[in-house]
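Trainee: I should like a close look at one part of this model, namely its sheet. Please take me through the strands, then through the pockets and aromatic rings that belong with them.

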Amino acid sequence: MAWKCGAIRVQIASILKGSVIDFTGDFFAQDLGSKYSFQSYKFIFNKYVSLSDNQVLAYNLYWCGTGGSPPFYGNCIYGANNELRGYTAGRYLDRYMFATQLEYRLVLPWKFGLVGFGGVGAVAPGSDLFFRANHLLPAGGTGIRYMLSKKYHVNLRTDFAWGKDNFTWGVGVGEAF
């Protein structure tokens, strides 16, 4: 099936105690039937630390890079996958992107919970431009959780977040990361 769409995907994932590491490389080529010739790479690292029975500190690092000649939607799209909630997906996109965030999770009585989160990231046409002050995109926010399944610890979540230019409000099942 990958041959019909003109792409090959390579994914390496590892789950260690309290950590998740995931690396994905997508390769698109006209020789494989794609309209475009480009590569897309993504690296995700998540770390979870239990502070007590009802408190967790969660950390997320996301990096994306593209090579070749991608269409605009093949670039790294800031805010598309819960990297720094507070940004509308597609407002910032470019060849390279990073985002890092920290989230505090507190379980309350009666299946409820609260979270607070914050972080910073950037998009840039070259990886050497990431740490320039005008490229940094900070974000922060808070959310409410309702536990749908105690056995699998699945939450219904609602988050209110703000970024550099605007704010977002989202609802989902499961944690952002």
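**The sheet and its surroundings**

Mentor: Let us begin at one strand pair: in this predicted model, Q11 stands opposite T24 in β2. The strands β1 and β2 run antiparallel and are joined by ten bridges. Two residues lie between them in their hairpin, where G18 takes a positive phi near 80°.

This pair belongs to an open sheet of nine strands, ordered β1-β2-β3-β4-β7-β8-β9-β10-β11 and paired in antiparallel fashion. The edges are held by β1 (7–16) and β11 (167–173); each has a single partner strand, so one side of each is left without a neighbour in the sheet. On average, and with direction ignored, neighbouring strands of this sheet are turned by 15° against each other. At the β11 edge, strand β10 (residues 154–162) runs antiparallel to β11 and is joined to it by seven bridges. There F160 stands opposite W169 in β11.

As a general background to what follows, side chains in a regular strand alternate between the two faces of the sheet.

The pockets come next. The largest pocket holds about 230 Å³ of space. Its lining comprises 18 residues, and R105, V107, H153, N155 and E175 are the closest to its centre. At least two residues of this lining come from each of β4 (55–68), β7 (96–107), β8 (112–124) and β9 (136–149). The strand that gives the most is β8, with four residues. By character, the lining of the largest pocket divides into eight nonpolar, five polar and five charged residues.

In the second largest pocket there is about 190 Å³ of space. Its lining is made up of 17 residues, with S40, K42, Y73, G74 and N75 nearest the centre. Here β2 (19–28), β3 (38–52), β4 and β5 (76–77) each supply at least two residues, and β3 gives the most, with three. The lining of the second largest pocket consists of nine nonpolar, four polar and four charged residues.

Strand β4 therefore deserves particular notice, since it supplies at least two residues to the lining of the largest pocket and at least two to that of the second largest, under the run-based numbering of strands.

The aromatic rings complete the picture. The count comes to twelve aromatic pairs. One of them joins F28 and F38: the ring centres are 4.5 Å apart and the planes lie at 10°, so the pair is stacked, planes under 30 degrees apart being counted in this way. The pair links distant parts of the chain, with F28 in strand β2 and F38 in strand β3, ten residues apart. The two partners fall into separate accessibility classes: F28, at 24% relative accessibility, counts as partly exposed, whereas F38, at 5%, counts as buried. The cut-off for buried is under 20%.

For F72 and Y73 the ring centres are 5.4 Å apart and the planes stand at 85°, so the pair is edge-to-face. Both F72 and Y73 are exposed, and Y73 is also among the residues nearest the centre of the second largest pocket. Finally, F23, F27 and Y41 form one aromatic cluster.

Methods. Residues are numbered from 1 along each chain as its sequence is written. This is a predicted model: local features need pLDDT of at least 70, side-chain atom pairs count only at pLDDT 80 or more; totals for chains, interfaces and linings use all residues. Side-chain values use heavy atoms; hydrogens and water are left out. Two strands pair if DSSP finds at least two bridges between them. Axes are lines fitted to C-alpha atoms, for helices over the stretch in contact, and angles run from 0 to 180 degrees between N-to-C directions. On a 1 Å grid over the protein atoms alone, a cavity is a set of points where a 1.4 Å probe fits but cannot get out, and a pocket is an open set with protein on both sides within 12 Å along at least five of seven lines; lining residues have an atom within 4 Å of a point. Grid points are joined across faces, edges and corners, and a volume is the space filled by probe spheres set on the points. Ala, Val, Leu, Ile, Met, Phe, Trp, Tyr, Cys and Pro count as nonpolar, Asp, Glu, Lys and Arg as charged, and the others, Gly among them, as polar. Rings of Phe, Tyr and Trp (its six-membered ring) pair if their centres lie within 6.5 Å; planes under 30 degrees apart count as stacked, over 60 as edge-to-face and the rest as tilted. Buried means under 20% relative accessible area, exposed over 50%, partly exposed in between (1.4 Å probe, protein chains only).
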